[in-house]
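User: I'm new to this structure and would like a close look at the part around the ligand. Could you walk me through it, and then through a few other spots?

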Amino acid sequence: MKSIRAFAPATVANVCCGFDILGFAVDNPGDEVRLTLRDDDLVQVISIEGDGGKLPREAEKNTASVAVLSFLKSIGSKQGVDIELKKNLPLGSGMGSSAASGAAALVAINELLGNPLTREQLVPHAMEAERIACGSAHADNVAPSLLGGFVLVRNYHPLDIIKIEATESLYCSLIHPHLELKTEDSRKVLRHSVSLKDVVTQTGNIAGLMLGLTKPDYALIGRSLNDVIAEPTRSAFIPGFDTMRSMVIDSGALGFGISGSGPTVFALSETLAKAQAVARTVQIEFEKRQLKADVFVSKVNPLGAYVINE
Ligand code: HSE
């Protein structure tokens, strides 16, 4: 039976000022899938490792199978497939866990069927998986997980996704406190209207960040990594957030914020040494608050999901 493994990386959505419209991929952690073609038309999740039994096994509810079903329907295929999922990403972490499973499954099925779709064309199918996972088909995790690097979602209807020609000399620190926060819940606390003043601030920052990333201008990146829309309400879920932010910025990192919908926080730095030091500083702050925290430090990953050669 034809079988293939694929990996898709964790992602940082929003990147402070780009709520629902900007994200980037990191090298690790990430999720892995194995897809095996079947003789019939059944799509099924046959095993999930690493989720503590929490994820749904039904094909219509699991993000990997939902993405595959949407893909198969779009190309008019009746191919059946068995899906084995290895979750390395913690659930409800804000590191794009549901997105990575969908992205890995899509890269695998696309490869198995001779790559009928481009990476960009896979994005809407991964978004369907996000809709199932959290009720919102946002693309700021799935697009960077599939395409790598920084990806801008300029528009949703119609979908307009642009991979930014960003500097690759950026290091990300991810610090994941052992708390679970569902994206669905974290979206419920968002304000539904924002003031004109906040819109002006946020659009200035997102424009500045885009320019800073492409020039590159690290000081401009740093000045732009601020969020006046989601962070003010969401940071309340993250013990010590304001203290950590001040410490990280004072230590010379470019910026600090909530990764996606949290509770993971992230920082961007110009050097690996700084990114590692920042990660440890934040980890200690969580520990002071009786929270264990895992840290992941890597360069921004320019490639995104890939097929694992065996
Ligand atoms: N943009 C989404 C949100 C990302 O902030 O709700 C979720 O990971």
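Analyst: Here is a walk through the ligand site, followed by some backbone details and two other residues. A quick note on the basis: this is a predicted model, where local features need pLDDT of at least 70 and side-chain atom pairs count only at pLDDT 80 or more, while totals for chains, interfaces and linings use all residues. Residues are numbered from 1 along each chain as its sequence is written, and side-chain values use heavy atoms, with hydrogens and water left out.

Let's start with Asp-20. You'll find Asp-20 in the loop between strand 1 (3-13) and strand 2 (22-37); strands here are DSSP runs of E with at least two residues, helices are runs of H or I with at least four, and both are numbered from the N terminus. Asp-20 counts as buried because its relative accessibility is 14%. (Buried means under 20% relative accessible area, exposed over 50%, and partly exposed in between, with a 1.4 Å probe and protein chains only.) Leaving out residues up to four places away in sequence, Asp-20 touches Asn-14, His-138, Asp-140, Val-153, Tyr-156 and Arg-187, where contact means heavy atoms within 4.5 Å.

Now the ligand. Among the residues around the ligand are Asn-14, Phe-19, Asp-20, Asp-140, Arg-187 and Ser-261; to be listed, a residue needs a heavy atom within 4 Å of the molecule. A polar side-chain atom of Asp-20 is 2.5 Å from a ligand nitrogen, and an N or O atom in the side chain of Asp-140 is 2.7 Å from a nitrogen atom of the ligand. Arg-187 has a polar side-chain atom 2.6 Å from an oxygen atom of the ligand. Taken alone, the ligand exposes 260 Å², and the protein buries 98% of that (areas come from the Shrake-Rupley method with a 1.4 Å probe; for residues, only the protein chains shown count as cover).

Back in the loop between strand 1 and strand 2, there's also Asn-14. Asn-14 has a positive phi of about 80 degrees although it is not a glycine, and it is buried at a relative accessible area of 7%. Cys-16 lies in that loop between strand 1 and strand 2 too. Cys-16 isn't a glycine either, and its phi is positive, near 70 degrees; its relative accessible area of 3% makes it buried.

Next, the cis peptide bonds. One runs from Asn-28 to Pro-29, with omega near 5 degrees, and Pro-29 belongs to strand 2. Another goes from His-157 to Pro-158, with omega near 0 degrees; Pro-158 is in the loop between strand 5 (150-155) and strand 6 (160-163).

Finally, two helix residues. Ala-103 is in helix 2 (residues 97-112) and counts as buried, with 0% relative accessibility. Beyond residues up to four places away in sequence, Ala-103 touches Ala-8, Ser-145 and Leu-146. Ser-224 sits in helix 7 (residues 218-224) and is buried as well, at 3% relative accessibility. The Ser-224 side chain reaches the backbone nitrogen of Leu-209 at 3.3 Å. That is a polar contact, a pair of N or O atoms within 3.5 Å; within protein, one must be able to donate a hydrogen and the other to accept it, and residues adjacent in sequence count only if both atoms are side-chain atoms. Setting aside neighbours within four places in sequence, Ser-224 is in contact with Cys-17, Asn-205, Gly-208 and Leu-209.
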